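Please go through the structure below. The report that follows covers confidence, fold, DNA surroundings and one loop residue.

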Number of protein chains: 2
Amino acid sequence: MADQLSRAFAALADPTRRDLVARLAVADATVGDLAAPYDVSLQAVSKHLKVLEEAGLVSRSREAQRRPVHLEAEVFDLMTKWIERYRRQAEERFARLDAVLDSLSETGDPTAEEGTAS
Amino acid sequence: MADQLSRAFAALADPTRRDLVARLAVADATVGDLAAPYDVSLQAVSKHLKVLEEAGLVSRSREAQRRPVHLEAEVFDLMTKWIERYRRQAEERFARLDAVLDSLSETGDPTAEEGTAS
DNA sequence: CCCTTTTTCAACTGGATGGTTGAACAAAGG
DNA sequence: CCTTTGTTCAACCATCCAGTTGAAAAAGGG
């Protein structure tokens, strides 16, 4: 799973990680702070943050012993752009309501151009 | 992984499934059509479509022996709304941070000249 | 220097996932 | 009927992933 988009989607597929993102949107926080509300070990949360970091969704700095976690907006943009592109395409096709289904079984024509099928 | 958002993000974490979505945005297609370009088995593609279907991203109808696959826009909306909510929140916070950095005087010490005030 | 706090690393475990092959089911069509 | 076409089911395998516990590293503070 090399590419960033795959890592980002996979990172947000976990409810705990989405919750971490939601809380980081409010304020930066340390690993300990973030782990407190959950009933899993601190190490587990540290792993979740590593996944988010490798996806480029968060970054970490250093401040004494602490490692404050900060949300990075850029990759979120990547994701919405990807999703919106195809959602829009699908909706436009839905709006046209052309006779795509007719062309599927015969003539092998990949691009049906029936305009006024109704 | 019960909830829809988790299933949707997980579904799009796979490059093959994202490619399927991209192609389905152009036109509905059958499993066989969709499987053709890849060098994996048709059963593997069928499994991918099942994942997309259980995430609510596609639906399938019946047409003779074929099962045309159709993209559903609704869950894509759910995803973008989730992402955009926190991205916006994070960006607003970032904008406020800039404002704070402009007026550096803060927290007790009025002669705050620590740091590289370049 | 030890000691404390905060975080990460290492090794292990159970369960999900993506892939395979082979058989079965569903719906025409000879 | 039996065959052909399109799709799914079942069983299996390798790998990945989220969780655990225990030890170690990093950075200050007494």
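How far does a polar side-chain atom of B:His48 lie from a phosphate oxygen of DNA strand C? The distance is 2.3 Å. This is a value from a predicted model.

## Confidence

The model is predicted. Chain A has an average pLDDT of 85. A score of at least 70 is reached by 80% of its residues. The exception to note is residues 99–118 of chain A, where pLDDT is below 50. That stretch still has 15 contacts in the model beyond near neighbours in sequence. Where pLDDT is low, the predicted coordinates should not be read in detail.

## Fold of chain A

Chain A contains six helices and two strands. Their order along the sequence is α-α-α-α-β-β-α-α. The chain has 118 residues, and 40% of them count as buried.

Long-range pairing can be put in numbers too. Take the contacts in chain A with a separation of 6 or more: 46% of them join residues 24 or more positions apart. The accessible surface of chain A is about 6900 Å². Carbon and sulfur atoms hold 50% of that surface.

## Around DNA strand C

DNA strand C has 23 residues around it. The nearest are A:Ser46, B:Arg17, B:Gln43, B:Lys47 and B:His48. Of the strand C atoms that come within 4 Å of the protein, 59% are sugar and phosphate. By class, the surface near strand C has six nonpolar, nine polar and eight charged residues.

Three elements each supply at least two residues of this surface: helix 3 (31–35) and helix 4 (42–54) of chain A, and helix 4 (42–54) of chain B. Helix 4 of chain A gives the most, with five residues.

Phosphate oxygens of strand C are approached by both backbone and side chain. A polar backbone atom of A:Val31 is 3.3 Å from one phosphate oxygen. For A:Arg60, a polar side-chain atom lies 3.0 Å from a phosphate oxygen. B:His48 also reaches a phosphate oxygen through its side chain, at 2.3 Å.

## Around DNA strand D

DNA strand D is surrounded by 24 residues. A:Arg17, A:Lys47, A:His48, B:Gly32 and B:Ser46 are the closest. Sugar or phosphate accounts for 63% of the strand D atoms within 4 Å of the protein, and bases for the rest. The surface near strand D divides into six nonpolar, nine polar and nine charged residues.

Helix 4 of chain A contributes at least two residues here, as do helix 3 (31–35) and helix 4 of chain B. Helix 4 of chain B gives the most, with five residues.

Which atoms face the phosphates of strand D? In A:Arg62, a side-chain N or O atom is 3.3 Å from a phosphate oxygen. B:Gly32 uses a backbone N or O atom, at 2.7 Å. B:Arg67 does so with a backbone N or O atom as well, at 3.4 Å.

## A buried loop residue, B:Ala73

B:Ala73 sits in the loop between strand 2 (69–71) and helix 5 (74–102) of chain B. Is B:Ala73 buried or exposed? B:Ala73 counts as buried because its relative accessibility is 16%, under the 20% cut-off.

B:Ala73 touches A:Arg87 and A:Glu91, leaving aside residues up to four places away in sequence. Within chain B, B:Ala73 and B:Gly56 are 17 residues apart in sequence. Their C-alpha atoms are 9.0 Å apart in space.

Terms used: Residues are numbered from 1 along each chain as its sequence is written. Chains are lettered from A and ligands numbered from 1 in the order in which they are written. Side-chain values use heavy atoms; hydrogens and water are left out. pLDDT is the predictor's confidence in each residue, from 0 to 100. Contact means heavy atoms within 4.5 Å. Helices (H or I, at least four residues) and strands (E, at least two) are DSSP runs, numbered from the N terminus. Buried means under 20% relative accessible area, exposed over 50%, partly exposed in between (1.4 Å probe, protein chains only). Accessible areas come from the Shrake-Rupley method with a 1.4 Å probe; for residues, only the protein chains shown count as cover. A residue is near a molecule or strand if one of its heavy atoms lies within 4 Å of it. A polar contact is a pair of N or O atoms within 3.5 Å; within protein, one must be able to donate a hydrogen and the other to accept it, and residues adjacent in sequence count only if both atoms are side-chain atoms. Ala, Val, Leu, Ile, Met, Phe, Trp, Tyr, Cys and Pro count as nonpolar, Asp, Glu, Lys and Arg as charged, and the others, Gly among them, as polar.
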